[in-house]
Every structure is written in structure tokens, then in C-alpha cells.
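Trainee: Could we go through this model together? I would like to begin with the overall fold and then turn to details.

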Amino acid sequence: MRQTTSNKPYLARRRTMVGSLAGLAVLAMAAAGCGSSSSPSTKSSSSTTAAHAGGVFTILANSSFGVADPAQNYTLEEWQLLIDTHDGLVGFAKVGGLPGTKIVPDLATSIPLPTNGGKTYVFHVRRGIKFSNGQVLKPSDFVTTFERQFTVPGGNPGFYSGIVGASKCSTKGCDLSKGVVPNDTNYTLTINLTAPDPELMDQLALPFAFAVPANTSLHNTGNKVPPGTGPYMWKSYNPNTEAVLVRNPYFHVWNKLAQPAGYPNEIIEKYGLPVSDEVTEVENGEADEVWDGDQIPSDDLTTLNSPKYASQVHVNTLTADWYMALNTQRPPFNNLEARQAINYAANRSAYVKIAGGPSLAVPACQILPPNFPSYKAYCPFTTGPQTVWSGPNLAKAKALVKASGTLGDKVVVNGTNDQVGTELAEQMVSDLDSIGYKASTQLLSASVQYPFIQNSSNWSKWNVAWSAWYQDYPAPSDFLNVLLGCSHIVKNSDASPNIAAFCNTKIQAQINTAESEEATNPSAASALWTTIDHEDTLQAPWVDLYNPKQIDFTASNVHGYEWSPQWYILIDQLYLSK
Amino acid sequence: MAAVVEQVSTTELRPAVAGRNPWALAWRRLRRNRIALAALILLVLILVLCLGAPLYAHNIAHDGNVLSPNLNGTTVVHGKVVPVMQEGGGLLKLGETPIGPTWDFSHYFLGADNIGRDVAALLLYGGRASLQIGICSAVLCCIVATIVALIAGFFGGIVDAILSRLMDVIWAFPVYLLAISLATELLTHSNGLQVGFLHVSATSLWTPTVIIAFIYVPYVYRPVRGQVLSVGTKEFVEAAIAQGASNFRLIFSEILPNVVSTVIVLLPLMIATTILTESALSYLSVGVQPPNVSWGTIISDGQDLLYTRPWVSLAPGIMIVLTVLALNVLGDGVRDALDPRAKLRVR
């Protein structure tokens, strides 16, 4: 998903893709995650839960996440709350660290193996689970859940467009009776796909696929979140003031790994304060967390460096890219040498400083971020060894510009007009000027900029555009295919994630092969993804700037901090000292 | 009878008073207004400082362009080479803090901004942009508004109705909303503004100049049109009409000289307003575009550094306050000088 320069998750989209190592994780974790609700570990931990349970956990966020309907909302900010109120058939393990990227059964009793050549999955749905309104969960509830992905305007049907019948769905109506087949007697749910999709489990673990009651409206429910099955339920949500989550009286633990009981009795997310005021309130113990998507201003970072806050500040590396997409559809960057030239010239250490210094960002050259499946360090655009960026190579860059015949070309650098966005654009202008281009900025508000640079009708208006991408789930295709695949250039659409409009048929063929090999030969697929990453990098459709890190700032009375690479801070697993 | 004779002879004996034109009288009145004169001197001083920006900037050891980021740069403080951007302290070393004021006129007098640029240099170059936009947009606005007001007021009838309603439409929009909309539209055109042979690139200082001039036209148009309507009924205009003067001559020779004092009184006040508007738009990132700077953009750049590096925002803020204050005081002085009913009299 895309986020803004202020680190605010921003409405973004991606479409269905296939091929993921996470699929393997599914199998690996299947056995571990199939535990029942009455396992001994659950019993022993329940006493711990009881000891820590209680209190009101208050999060301060600069702004809300917009419309709350889970079929429409595509922001980390709401997803961090939805994982506490809703469940899917499967879910990412709700634990910190790398295990948090593993998929475990949630409302399903186990993770099924596909049949019918990889096109059919039969899930056994757990019995005895109730929604927060007291309604019993049935397999047929999932039909509504999936149909809503297509009928709610602005949702993300792309994730589930491979389901049989989905191609005929629209906001006017949807019939998935052949694609999502429930059996409320046997408590099974059969999902039929038009083609094998090794990433289906990843997609089912996203909040879009979280179960809502069958009688939920097929239209946008606005800010009224439908009932879920998680440990909390939505008491209220007003995007101008706050979201309030209270305990779901019908919740019981059925798989601690997928959905453990939460500690706070109530979770409140308040909106509207400037981030510096949020920091002050948390420093003073008047609130418990500065929402992790809010970028903490430089002034406050200085304060947080104090040893006093050492135990309250948590820094984590994100599997994300901040990059400048190069418009490959028009001069000068329809020329490979010109693209490589600016990659050589980009002073990545300067960009890292804009991001807050080495403690908050790592220079990057390649598409896949570190700690990501198939990642192998590669940086051809530097002076030293080609694994780590060590400095710009201006001589090489200037020679390439000269060879490309683009010297002196005008270049428009598009970015967001917030503080960080402006600074990134200014540095890019400086880098471009240093190798002989005549660069200027084009700064737009974040809400305008992202659709603007995606839409092909604006290709003639910019040459370089800032963007950022945060993993939807840990699969190389989430970067390599979604952001640079030929099929992800959607002309005249505001939702065309291949912003560089880069299409290399040879690499695309390799992407297709890697995706198909995911199920049959995962190690070969993994190696191929690595090759694709390096080939894409060498084609230089982007200037990759850095991989960001994230700061969580919690109050001194907050304990149990855990950070999942998928969901980031696990809010309901935090507890307050009494 | 004797008394009358005595009066006449006394008059004849007085030395003849040299005739002065109204502008000379106004200038004399203005000179006698010490507060207005101080404001004028302050304005000139600010202008000279800003024009002298290169004299300060040439000292800065940078790549030659003081407006370019200098994130990896160094400078010398007390004989010691220090990085312009300094890594955060403590265990976590979060953030990068720009160097603070050195109070040394040769470099980083007021410290650096978020991307390592010399704040004092930015302040001077930013002042150039702010003053240029402020003055040019106010002048442009006054010229356009005066021409439209002359046409509307002189011809009256349907011409007046159409032009006045057009001005009402522009006036009906909230100033900043209109300016932001226009700026966003122009900024998304890589070719900027193209009107006939006139071309203004999107990042040019002329883009905010034109926008600001446009949004304030009705504010000048209204009083000037009123003055035109008033002057149009005067006897000397009727006399000119009786003599067969053309419309062109009536407008530009009879009416314009008699309404221009209104425009002149409005001009410094408009400059103050346009400088404030430019600062606000630039603060909102829709005014002056990087790599150019203005006082508004510098305030915006410094807002995240208010505690650690307050001078980044304070310095341009102070400059805006001083300039606008000086312009308003000068505007009042000019009004007093041009107003025949002013208390201050030429003796």
C-alpha cells in the first residue's frame, strides 16, 4: 500500500497477483496454528491476560482514516484496529517479529491444500463463534463479505478478482454463488478460482476478507463498521474526533496465534492534534501512544533522544520503498542511459538525512526491501562494491547523460507539498541539475499527487515523481509485479500502480514464470524473483531512495510492546501498568 | 472706502507665492510626517538588504547555489569543521538537526534550515521574491483595476453592469480559496500559464504574482470606480465634453489624473496585503515554488524546528511584520499627504 510523505497511510490499491513465498509459510505454519481454543497454552496464558487486562488505551493520531467501511478502507490506520475487531478465514500470526508474517488459520479450522489444479480451496469454518451483535458466524457470511468487495464503491476488488463470477461483479451487483460456496450444515466454505493463485492465503488474511454478517448491506456502510468476531467491537467512530473500541462480549479465544484476547478494556483513537502535541501528551502520560504513522517532527525527535525515553521509543525497519519513479514514456527517461545516470547521481545519503538520518532510514538501490523474501543486496549505482550504496558516482552519471543525448533537457520533478515531500523534490532537482538537466519542481497536495501521477493522461506533465510503497503482504510480486509489471499500467485510471509505466516484456515473462513456479518449485521461484529484482534495478525505472524505519512512541506505563512486520504495533497486545 | 484701498495696497505689497503642483505639495507633506518617513527609510533599508543578498551569499562555502540543499555540507565554527546537519544525540540518534546561528556574517549567521541551507541567505533571497511578488502584483492589480474602473465608470450602463458583476463574481470567492485553486491548476500544467504570446512557467515567480494580482482586482476596482463616477460629473469634465473632447482624452486626460491619487493611496496598502498573501500561499506550498524561496516558504520550512532552531521561522516572520508595518504606516502617510483635508498643512 502507498503512504504519504508524512507517513500517513493513504488510500491505495493493488490488484490480484499470484506467486508468494508466504504461501509456503502458510503450509509451514498450518500445523502450528491449528490449535483449538482449549489448548493448555491458552489456559496458562489466560491468567497472564487476566493479570494485565484492564484500562483504557489511548492512541493519538493526527487525522483519521476516512470512511470506515472495511470493504473500502485501505489504510494501515484502520487495519490496525480491524485486526482487533474482525477475523478472516486465515490471518497473519498476531505476534511480534518475523513470525508475524506467517499465516495461520483463524475462523477456519485449518489451512486447506488446493484441489482442482490449484483452483479450489475448501475451508472448514469454526463453529460456536459469534459476531459482536450476538449473531452466530456461518460460512454463508463470507459470501456477503466477498460480494461487498465488488459492490462497495472504491473498494479493492482486485484482490479477489480471481474468484469465479467476480469478473461480472460491479458496484451495481455481484453474484459469487459459484465462486464462494457455503455449506452452513457442514460448516464448510468452498472458494473456486478461475486460475491458481498461490497468494490467495495472503489476500484472505487482509481485512478486506474479514467476516461480516450475511445481512450486512452490500452498499457502503460509511462510518458504521459492521460487527466482527474479534475481541473488540466498534462502539463509535467519528473521523473528526475519535474511534472507540470496547470488548466484544461474545468473544472467546479459539486460536491464540491468530486472535489472542486483548489486554485493554477499551481502545480509543483520538484525532486532530498536531503530532508535536501528541508527543507532549504521551510524554506527560496523558495518552498512551503516538500513532505510528504520524511522522514525529524534528524538534520532538531531539527530545526523544533523551535517555529518559529510551524504553518508550521503538524503532523498526519497514519493508517499504521510498522512491522517485522515472516516467519511462517520455524523454529524457525513456532512455535507459538517462535513467541510469540519475541513479548514479542520486545522493542517497542526503535523502536519508531528509528522512531523519541513518537511524530512521537506510539508503536503497534496488526494488525489493531488505528482510523481504528473495531479497539479495544489490546496488549497481554507486562507487564502491555493488552491494551497498556508498556514494554517488557523478563522473559516470555525467558520461551517461552525455551518451544519452539528453543533456540540458528540462525535467519536472513531481512531489507532495508537505515538508518532507518538498525537501525530497528539492534534493532530486539538485541531483538532476548536477548532471546537466534543467529541473524544476511540481508540488501537489498528497491527496491530489498520488492519483495525478498514476493517471496516464498526465504523463506529459511530469518526468520524475515521488512515491512510496509499503508491503501489502510479504511476497516479491507485491513490489516487482504490482509496481513494475506490464499489466499494472492501467491507462486513464487514477489507480495505475506502475507509476513509471515501465514495461519490459522479457522481465514480464520471467515474472509470469516465477508466479507459476511458486506452487511447483518454490526455491526456483525465489531465485527467479531475485534475478527479476536485480534486472529491474538495472533497468532503472526508479531512483530508489531509501527503506524507511518507523518510530513507535509509547507512554511510560505501556508494556508488552510487540511489532509485527505485517501490522506494525499490535495495539491490543499492549497493557498498562496499574 | 479707505479701508478697501488699504487692503488692496497690502495685497499688492505681499511677495508672490510660488505656485506648487499637487505632487510637490504631497511630497512636502509626506516629508513632514516623521513616522511615515521612518517607515519609508525602513522599507528602503529592507529593499537594499535584499538586493544585496549576493554580497552575503558569496561568502558561503557551498556549491555556488545557496538555494540548493546542502545536507552533506560542512562549515567552520570556532576553527573547527562541523557538519551543517548534525546527527541526533542520545542512544537512538534520531533525526538530523541543522546547525544553529553562528552570529558570524561570513556564514550561517542565522543557522541552517532543514536541508542545510543558510537561513540568512534564504532570508535575503526570500525577501527579494516576497518584495518582487508583493510590489509587482500590487502594481499589476492597480493597473488592471484602474483601467477596468475607468471603462466601467466612464461608459456606465451595460458596460458598467457587466464589468461590475464580473468583479462581484471574483469578489464572491474567498480570496485564499480562489488563489489556492488557481495555483494548483497552474502548477499541474508543466507549461504553466500561456496567454497569447505571454508565457509564465509554472515555477516562475510570475505565477503567484499574476494569481495574487488577479484575486485583488475587485478590491481596487470598487473605490476607483466610485471615484471615476464622482469625477465624471464634475464641471471640468462637462466643459471638456462641450469642447468636443474624445472619450480617450476624457478618460486619460480629464478623469485619470483625478483618480490616480486614490490609486496611489491604495498602492502601499495593497503591497502590504499582497506580501501577506504571498507569504500565506507560500506557507501553504502553493505560492513560490522550490528551488525559489520566499519568506513564506522559509516559515513553512522552519515550523518543525520551532523549539530547536527558532530563527528559521522567526527571522522571516519578523521581516514580514516589519515590511507590512512599514507599508501600512507609509500608506497612511501617503493618504494624509494626498488628502487636501488632512490636518497636516503646508505653511
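Mentor: What follows covers chain A as a whole, one of its sheets, a helix of chain B and the contact between the chains. This is a predicted model, in which local features need pLDDT of at least 70, side-chain atom pairs count only at pLDDT 80 or more, and totals for chains, interfaces and linings use all residues. Residues are numbered from 1 along each chain as its sequence is written, and chains are lettered from A and ligands numbered from 1 in the order in which they are written.

Trainee: How many helices and strands does chain A have?

Mentor: Chain A has 15 helices and 21 strands; these are DSSP runs numbered from the N terminus, helices being H or I with at least four residues and strands E with at least two.

Trainee: What is the radius of gyration of chain A?

Mentor: It is 23 Å, which agrees with the value near 25 Å for a compact globule of 578 residues. The radius is taken over C-alpha atoms, and the globule rule is 2.2 Å times the number of residues to the power 0.38. Of the residues in chain A, 60% count as buried, meaning that 20 or more other C-beta atoms, placed from the backbone, lie within 10 Å of the residue's own.

Trainee: Now the sheet with strands 4, 5 and 6 of chain A: what is the strand order?

Mentor: The order is 4-6-5, in an open sheet with antiparallel pairing; strands pair if DSSP finds at least two bridges between them.

Trainee: Which strands stand at the edges?

Mentor: Strand 4 (120–124) and strand 5 (180–183) of chain A do; each has a single partner strand, so one side of each is left without a neighbour in the sheet. Strand 4 of chain A pairs with strand 6 (residues 188–192) of chain A over five bridges, and Thr120(A) has Asn192(A) as its bridge partner.

Trainee: In chain B, is helix 11 mostly covered or uncovered?

Mentor: Mostly covered: eight of the eight residues of helix 11 (residues 295–302) of chain B are buried, among them Trp295(B), Ile298(B) and Asp301(B). These buried residues pack against helix 5 (119–155), helix 10 (247–283) and helix 12 (311–338) of chain B.

Trainee: And how many residues does the contact between the chains take?

Mentor: It takes 34 residues from chain B and 41 residues from chain A, where contact requires C-beta atoms, placed from the backbone, within 7 Å. Strand 3 (85–87), strand 4 (96–98) and helix 7 (175–187) of chain B each supply at least two residues of the side of chain B that touches chain A.

Notes: A residue is buried if 20 or more other C-beta atoms lie within 10 Å of its own, exposed if 12 or fewer, and partly exposed in between; C-beta atoms are placed from the backbone. Two residues are in contact if their C-beta atoms, placed from the backbone, lie within 7 Å.
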